[in-house]
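User: I am new to this structure and would like to be taken through it step by step. Please explain the reasoning behind each answer.

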Amino acid sequence: MGLDVIRLWPSAPGALGDNFDDIPTLTVFAPQQGRANGSSVVIAPGGAYLGLAINLEGRQVADWYAARGFTAFVLKYRLGAKYLMPVPLTDASRAMRLVRSLAPKFKLDPERIGIMGFSAGGHLAALLSTRVDNGHAESGDPVEHFSNKPDFVVLGYPWLNAMQPSPPPPFIASYQNLMKIPEAGRAAFEAYTPIRGVSADVAPTFIFITTDDATVSVQAAIDYFGALKSAGVPAEFHCFAHGTHGIGLGSGDPALDLWPVLLESWLRGRHVLP
C-alpha cells in the first residue's frame, strides 16, 4: 500500500518492551495527488482499551478523509492491562504534537488538525480535548514544543464514562473491572472522565451515537453535549433512532450511512473542509 508508519517517539516513555504492542505509531493516509487541502486528522480506533478496531474505525475512516483531501493519521496507542491510563492519553497527546510538528513536511495547516475517535477511542479523543496545552518550550525534545490541542473533535459512539465504575448499561464492564484496578485506585482513574474537564477551551465538537446502543451509555454522550453547550463550545449532536454499537461509517444502514454526510457538512461549516 506504500503507507508510512511513524513512531511517536524513537523510544516511547514507559515502554515495557519493544514488541508491536509496545510501540505507539501513526499510519499516514495521504490524499491523492492534487487533492490535498491542508487539513489533517488523527484517528483513534476503539476496542474497549483491550484492542483496536484498526480496519473498521481506522483504515476505512482514514480512506474517507483522504478521499476528501485530508491527510489522515491512524493512531495505534498503547492499551490493555499492560498500559493503563495515563499511557493512552500520553500517546494521543504526543500524536497531536507530532502531526503539528510535521506540518511543513506534509504541507498541513497547523490550525486545521483535528482528532476523531470511536467508542474507547472517542473517550480518548474527548479526554485529550479537555487536557490541552500550548507545548513545553523548556523540553529538549523539539516535538514537545508544539501544542497538543486539536482544532476540531469528532466522537463516534464515544464511551464517555469508561473510567467510572459499573457504568450503565451493564453489557460492558467498567475499565477498572476489565483491568482489575484495585478499589483504592479507582478514584484516580475516575478523574479521566472527559466531562469533568470541559471548559470553553475545548475545540468545536461533533458527536454521533444511536439511541439503542447497548454497549456504551447514550446518556453519557447527552450529558457531555450539554456540558459543551453550557461551556459555550460549538457542538453538534446527532442521536439516531436505531443502530448497534460499532457501525463505523454506517455499515450500509440507510439511516446511519447519513452520519458521514452530516460530518462532511459540519466540516465545511467549520471551514476545515474547504
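User: How many salt bridges does a search of the whole structure find?

Analyst: The model is a predicted one, and side-chain atom pairs count only at pLDDT 80 or more. With a salt bridge taken as a side-chain nitrogen of Lys or Arg within 4 Å of a carboxyl oxygen of Asp or Glu, the number found in the whole structure is 13.

User: Which residue forms a salt bridge with Asp18?

Analyst: The closest N and O atoms of the pair are 3.7 Å apart. Asp18 belongs to the loop between β1 and β2 while its partner belongs to strand β1, so the salt bridge ties together parts that are 11 residues apart in sequence. Asp18 is exposed, at a relative accessible area of 56%, whereas the partner, at 38%, counts as partly exposed. That partner is Arg7.

User: Is Arg94, which meets Asp141 in a salt bridge, buried or exposed?

Analyst: The side chains of Arg94 and Asp141 meet at 2.7 Å, N to O. Because Arg94 lies in helix α2 (residues 87-101) and Asp141 in the loop between α4 and β6, this pair ties together parts that are 47 residues apart in sequence. Asp141 is partly exposed, with a relative accessible area of 24%, but Arg94 has a relative accessibility of 3%, so Arg94 counts as buried.

User: Which residues are linked with Arg94 and Asp141 in a network of salt bridges?

Analyst: The salt bridge between Arg94 and Asp141 belongs to a network of such links. Besides these two, the network holds Arg97, Asp133 and Glu144.

User: What span should helix α7 have at 1.5 Å a residue?

Analyst: Helix α7 covers residues 218-231, which makes 14 residues. The expected span is 1.5 Å times one less than the number of residues, and the end C-alpha atoms of α7 lie at a distance that agrees with it. Both the expected span and the distance between the ends are therefore given as 20 Å.

User: Which residues of α7 are buried, and what covers them?

Analyst: A residue counts as buried under 20% relative accessible area, and in α7 this holds for Val218, Ala220, Ala221, Tyr224, Ala227 and Leu228. What covers these buried residues includes α4 (120-129), β6 (153-156), β7 (205-210) and β8 (235-240).

User: In the largest nonpolar core, which residues touch the most other members?

Analyst: In soluble globular proteins, nonpolar side chains tend to be buried together. Here the largest nonpolar core has 84 residues. Tyr49, leaving aside its neighbours within four places in sequence, is in contact with residues including Tyr77, Leu79, Met85 and Trp159. The residues touching the most other core members are Tyr49, Tyr65, Met85, Leu263 and Leu267.

Conventions: Residues are numbered from 1 along each chain as its sequence is written. This is a predicted model: local features need pLDDT of at least 70, side-chain atom pairs count only at pLDDT 80 or more; totals for chains, interfaces and linings use all residues. Side-chain values use heavy atoms; hydrogens and water are left out. A nonpolar core is a set of buried Ala, Val, Leu, Ile, Met, Phe, Trp, Tyr and Cys residues joined through side-chain atoms within 4.5 Å. Buried means under 20% relative accessible area, exposed over 50%, partly exposed in between (1.4 Å probe, protein chains only). Contact means heavy atoms within 4.5 Å. Helices (H or I, at least four residues) and strands (E, at least two) are DSSP runs, numbered from the N terminus.
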